[in-house]
Amino acid sequence: MGNCIPVVSPSGHLTPPRSPSQSPKVLQNGTFVNLLDLLGNFTVSEDYIVDYAASEPCHNTYCPFFQRAAPAFLASTCVAAALATGALLVALAKRPHAWPHHRALVAQLAAATGLFAAVLPAVVAGIGQGWRLGAGACKVTQLLWHCSVFAQGLLVASGCCSSVWSHWDPRSQRLAVSIWVGALLLALPAALAGGTVAAPEVSCIRRNVDVLSPAYLLHLASCLCVFLLLPAALLVAALVRGGQRAGWGPAAGASWLFFVLWVPYGVGLAVDFLLHAELLQSTCGIFERFDYALGLCEALGVLHCCLGPAVLLAAGLCCRNLGAAGGF
């Protein structure tokens, strides 16, 4: 997430005009970055030039929109996430019986959302002033960002289909360690695929490798597994079990908010890959509209860090008042 720095021709267009008979291509200039990520690219920079099949050059309007919207959105989301997570932790400490069966799980979900929110100030600063913390810090930021997201997905999945969190014992402790280590391993490709570029000021970007590079393909696979395959498997399991397991109680349904918010972004990442790998036909209009679509999908996903704790807090307190907290 950061400054959106367009690479344009002297005329101010993204590319010079091309013959209508020529097909659209993505021309890479050494470091490829996806303009489309409003909130996941820690710095968004057009290190690629979109060569559209049109008699008139395309004008990209997403970059100015990103610069206007991202800092305020991220800053407000960070504040809301801090308040919601803090309130959840306080409630968990003062009223632990509101979550009698899954207190350890709720605490870890709060820690994961807190870790995600803690990265946001650096992201906001990188957008407004350029990335000044160095290439190593850029990779660490992306590693923590994705590790927190993947950990939440794995935690939600474990809470939905298992009763292991009923007690904080060696079994649940081993599961917790496995989940966090697994999330860290899933996030490693994001750190390998990202890095810093100077165009003209230093920017921390999610991808400075080719779209078909092993590092990015591993990162894409991690995202698709957590954002698409995992919720699909959980949904099938829910239908098969018919909601009979304790893990499928009403408060557990609140944790599904995570997947509801991130599934659109997972779909967007898949389509984005197909477009830039030239596996789908594209036009100037498609690219321009998809810029906004994928950016807004990721913005929706980022909202999980404030909405998730708030919904979990409300669900726990409501279940406590109704004497039905056993569902989570």
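These exercises work through the fold, core and selected residues of one predicted model.

Residues are numbered from 1 along each chain as its sequence is written. In this predicted model, local features need pLDDT of at least 70, side-chain atom pairs count only at pLDDT 80 or more, totals for chains, interfaces and linings use all residues, and side-chain values use heavy atoms, with hydrogens and water left out.

**Exercise 1. Overall fold**

Task: Find how many helices and strands the protein chain has, and in what order its elements run.

Solution:
- Step 1. Take the elements from DSSP runs, numbered from the N terminus: helices are H or I with at least four residues, strands are E with at least two.
- Step 2. Count them. The protein chain has 9 helices and 4 strands.
- Step 3. Read from the N terminus. The order is β-β-α-α-α-α-β-β-α-α-α-α-α.
- Step 4. Look at contacts (heavy atoms within 4.5 Å). Of those between residues at least 6 apart in sequence, 79% join residues at least 24 apart.

**Exercise 2. Surface and core**

Task: State what share of the protein chain is buried, and which helix gives the most to the largest nonpolar core.

Solution:
- Step 1. Apply the classes: buried is under 20% relative accessible area, exposed is over 50%, partly exposed is in between (1.4 Å probe, protein chains only).
- Step 2. Of the 328 residues, 52% count as buried.
- Step 3. Take the surface by the Shrake-Rupley method with a 1.4 Å probe. The accessible surface is about 13,500 Å², and 69% of that belongs to carbon and sulfur atoms.
- Step 4. Define a nonpolar core: buried Ala, Val, Leu, Ile, Met, Phe, Trp, Tyr and Cys residues joined through side-chain atoms within 4.5 Å.
- Step 5. The largest such core has 66 residues. Trp99, Phe150, Trp165, Tyr216 and Phe227 have the most contacts inside it.
- Step 6. Helices that each supply at least two residues of this core include H3 (135–161), H5 (214–241) and H9. H2 gives the most, with 11 residues.

**Exercise 3. Packing of H1 and H8**

Task: Work out how H1 (residues 62–94) and H8 (residues 284–302) are oriented.

Solution:
- Step 1. Fit axes to C-alpha atoms over the stretch in contact; angles run from 0 to 180 degrees between N-to-C directions.
- Step 2. The two axes come within 12 Å and cross at roughly 5 degrees.
- Step 3. Angles under 35 degrees count as roughly parallel, over 145 as roughly antiparallel, 65 to 115 as roughly perpendicular and the rest as oblique. H1 and H8 are therefore roughly parallel.
- Step 4. List the contact residues. H1 uses Tyr62, Phe65, Phe73, Leu74 and Thr77; H8 uses Asp291, Tyr292, Gly295, Ala299 and Val302.

**Exercise 4. Four residues**

Task: Place Leu313, Gly194, Val260 and Glu278, and decide whether each is buried, partly exposed or exposed.

Solution:
- Step 1. Leu313 is in H9 (residues 304–322). Its relative accessible area is 18%, so Leu313 is buried. Leu313 touches Ala87, Leu88, Ala91 and Trp99, leaving out residues up to four places away in sequence.
- Step 2. Gly194 sits in the loop between H4 and strand E3 (195–198). At 0% relative accessibility, Gly194 is buried. Its C-alpha atom is 4.2 Å from that of Arg206, 12 residues apart along the chain.
- Step 3. Val260 is in H7. At 54% relative accessible area, Val260 is exposed.
- Step 4. Glu278 is in the loop between H7 and H8. At 44%, Glu278 is partly exposed.
- Step 5. Check phi. Most residues other than glycine have a negative phi. Glu278, not a glycine, has a positive phi of about 60 degrees.
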